[in-house]
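User: I would like to go through this structure and hear, for each label, the reasoning that stands behind it. Please set each value against its criterion before you conclude.

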Amino acid sequence: MSDRRSIRAIAIGGVAAAALAMTAPVVAHAATDVSEPAEFTSAFVVTATADQVVSNDGVATPGQEGATGRFEYRVNADEEIICFAIRLTGVTGDYQSPAETATHIHEAAAGQPGPPRIAFPNPVDDGSGVRVSEGCLQGPFTTGVLDAQGVDTGEGFSLAELEANPAGFTSDAHTVDFTAGVVRGQLAQGALEVDEPDTFTSTLAVAATADQVIASDGSAAPGEEGATGDFQLRINADEEIVCYAITLTGVTGEYQSPAITATHVHEAAAGAAGPPRIAFPNPEGTGDERRSEGCLQGPFATGILSADGVDTGTGFSLAQLEADPAAFTGDSHTADFLPGVVRGQLEAVEAESASQAPAASEPAEAAPAAAADDDEAGAPVGIVVAIVAALAAIAVVAIVVVRRRSAKG
């Protein structure tokens with residue numbers, strides 16, 4: 001659940017394959033590149049940093065200074081498929097690892113070493129200095145690393161193990177200069193894209209403007225002049241599902257945020273700063289308007305870590321939004337307006353006014369009038385249609401009879 005990158009693993013396969021050929025032999029039973037499945041059973045995110053790296057004996061061994069990694073996973077445990085979107089920023093040098101690739105999921109708790117369970121295609125430069133790898137793999141998985149018994153450390157691994165204990169797994173990448181790891185971070189369960197539920201427990205809205213934006217220290221930091229944002233959130237707190245329709249108008253430039261995406265709900269009162277709790281897909285579009293729509297189901301993750309090293313979405317419940325909407329704000333961030341391009345406080349609205357408003361091209365009374373006309377005219381129209389159909393059938397029979405007589409003559 002995260003911004004959708006356009007570079008797929010199939011597009012980078014040639015470069016990745018060349019890189020892998022220099023580091024490890026191809027294993028016959030390695031995971032298979034597959035298409036994205038129709039649905040997923042879970043999602044995970046990782047915020048990887050250099051200071052989380054440890055050596056094989058558990059000693060802190062910082063990676064490359066300033067480097068970061070974002071690992072996003074969507075899992076279909078029933079089919080043993082994991083789809084990945086990996087971005088490494090500030091990483092330099094060649095990859096190096098005794099495994100098939102140098103980019104992994106290890107079974108290892110925070111601060112602990114552990115064996116690799118899945119090896120992913122190494123991210124490659126997308127032309128901007130950011131290294132990217134995306135695609136889907138289907139098990140059984142292999143890593144190319146053998147345990148003490150001579151068995152590949154991926155053998156027998158199931159994605160159900162990730163779902164059962166994501167915090168027990170870490171993601172990393174390794175380079176020549178940082179063989180212990182250039183960046184590393186623990187898996188956190190993230191929001192999953194789902195279908196719209198049948199019912200909602202509340203509807204919330206945000207009218208975001210540039211003049212409501214503040215910096216992290218609470219000082220005014222106006223966003224892009226003239227830009228506005230409309231956030232419509234429909235919530236089913238019982239199922240932890242939020243359906244969103246977000247429209248940004250007058251926003252220019254690229255999105256930028258240390259979070260998974262740059263469009264959020266923060267826990268922050270008006271004029272105050274606060275951590276993000278939900279990260280939404282960034283609105284996209286050409287021209288003056290950008291839009292993003294869909295539904296997410298928690299648990300939620302943002303990719304931002306608290307002082308305790310916990311994702312700021314962890315433990316958040318939609319019931320908190322319903323209990324005090326004004327204590328939360330919606331915003332979006334761009335490269336030119338890092339504190340926020342627009343921002344606004346949440347407020348409760350009537351579900352009918354949000355979801356049943358008539359289309360602009362049709363007056364509100366049109367629908368009831370049409371229904372009345374149907375009720376009154378339905379029976380006569382039906383009779384006329386039946387009579388016409390019967391006459392048409394008689395005419396067809398008559399034509400057939402005439403043709404047959406002509407043929408006999």
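Analyst: Glu-80, a convenient place to begin in this predicted model, is found in the loop between β3 and β4.

User: What makes Glu-80 count as buried?

Analyst: Buried is the word for a relative accessible area under 20%, and because Glu-80 comes to 18%, it counts as buried. Its backbone deserves a remark as well, since phi of Glu-80 is near 55 degrees, a positive value in a residue other than glycine.

User: Why is a positive phi worth a remark?

Analyst: Most residues other than glycine have a negative phi. Glu-240 is another case, with a positive phi of about 55 degrees although it is not a glycine; it lies in the loop between β13 and β14, and because its relative accessible area is 18%, it is buried.

User: How do you know that Cys-83 and Cys-136 are joined by a disulfide?

Analyst: The criterion asks for two cysteine sulfur atoms within 2.5 Å, and the sulfur atoms of Cys-83 and Cys-136 are 2.0 Å apart, so the pair meets the definition of a disulfide. The angle about the S-S bond is 100 degrees, and the link is right-handed. Cys-83 belongs to strand β4 (residues 81-89) and Cys-136 to strand β8 (residues 131-138), so the pair ties together parts that are 53 residues apart in sequence. Both cysteines are buried.

User: What is the evidence for a disulfide between Cys-243 and Cys-295?

Analyst: Their sulfur atoms are 2.0 Å apart, and with the limit at 2.5 Å the pair therefore qualifies. This link, too, is right-handed, with 100 degrees about the S-S bond. It connects distant parts of the chain, with Cys-243 in strand β14 (residues 241-249) and Cys-295 in strand β17 (residues 289-297), 52 residues apart. Cys-243 and Cys-295 are buried. By this rule the count comes to 2 disulfides, and when the bonded cysteines are numbered in sequence order the pairing reads 1-2, 3-4.

User: Why is the contact between Glu-107 and Arg-117 called a salt bridge?

Analyst: A side-chain nitrogen of Lys or Arg has to lie within 4 Å of a carboxyl oxygen of Asp or Glu, and because the closest N and O atoms of Arg-117 and Glu-107 are 3.0 Å apart, the name applies. Glu-107 is in strand β5 (residues 103-107) and Arg-117 in strand β6 (residues 116-120), 10 residues apart. With a relative accessibility of 30%, Glu-107 counts as partly exposed.

User: What makes Glu-196 and Arg-234 a salt bridge, and which parts of the chain does the pair tie together?

Analyst: The N to O distance between their side chains is 2.9 Å, which falls within the 4 Å limit and therefore makes the pair a salt bridge. Glu-196 lies in the loop between β11 (192-193) and β12 (202-209), whereas Arg-234 lies in strand β13 (residues 228-236), so the pair ties together parts that are 38 residues apart in sequence. Glu-196, at 46% relative accessibility, counts as partly exposed, and so does Arg-234, at 26%.

User: Why are Arg-291 and Glu-293 given different exposure labels?

Analyst: The label exposed requires a relative accessible area over 50%, and partly exposed is the range between that and the limit for buried. Because Glu-293 reaches 53%, it counts as exposed, whereas Arg-291, with 36%, is partly exposed. Their side chains meet in a salt bridge at 2.1 Å, N to O. By the same rule the count comes to 5 salt bridges.

User: How do you know that the bond between Gly-139 and Pro-140 deserves attention?

Analyst: Most peptide bonds are trans. The bond joining Gly-139 and Pro-140 is cis, with omega about 15 degrees, and Pro-140 is found in the loop between β8 and α2 (159-164). The peptide bond from Gly-298 to Pro-299 is likewise cis, with omega near 15 degrees, and Pro-299 has its place in the loop between β17 and α3 (318-323).

Terms used. Residues are numbered from 1 along each chain as its sequence is written. This is a predicted model: local features need pLDDT of at least 70, side-chain atom pairs count only at pLDDT 80 or more; totals for chains, interfaces and linings use all residues. Side-chain values use heavy atoms; hydrogens and water are left out. Helices (H or I, at least four residues) and strands (E, at least two) are DSSP runs, numbered from the N terminus. Buried means under 20% relative accessible area, exposed over 50%, partly exposed in between (1.4 Å probe, protein chains only).
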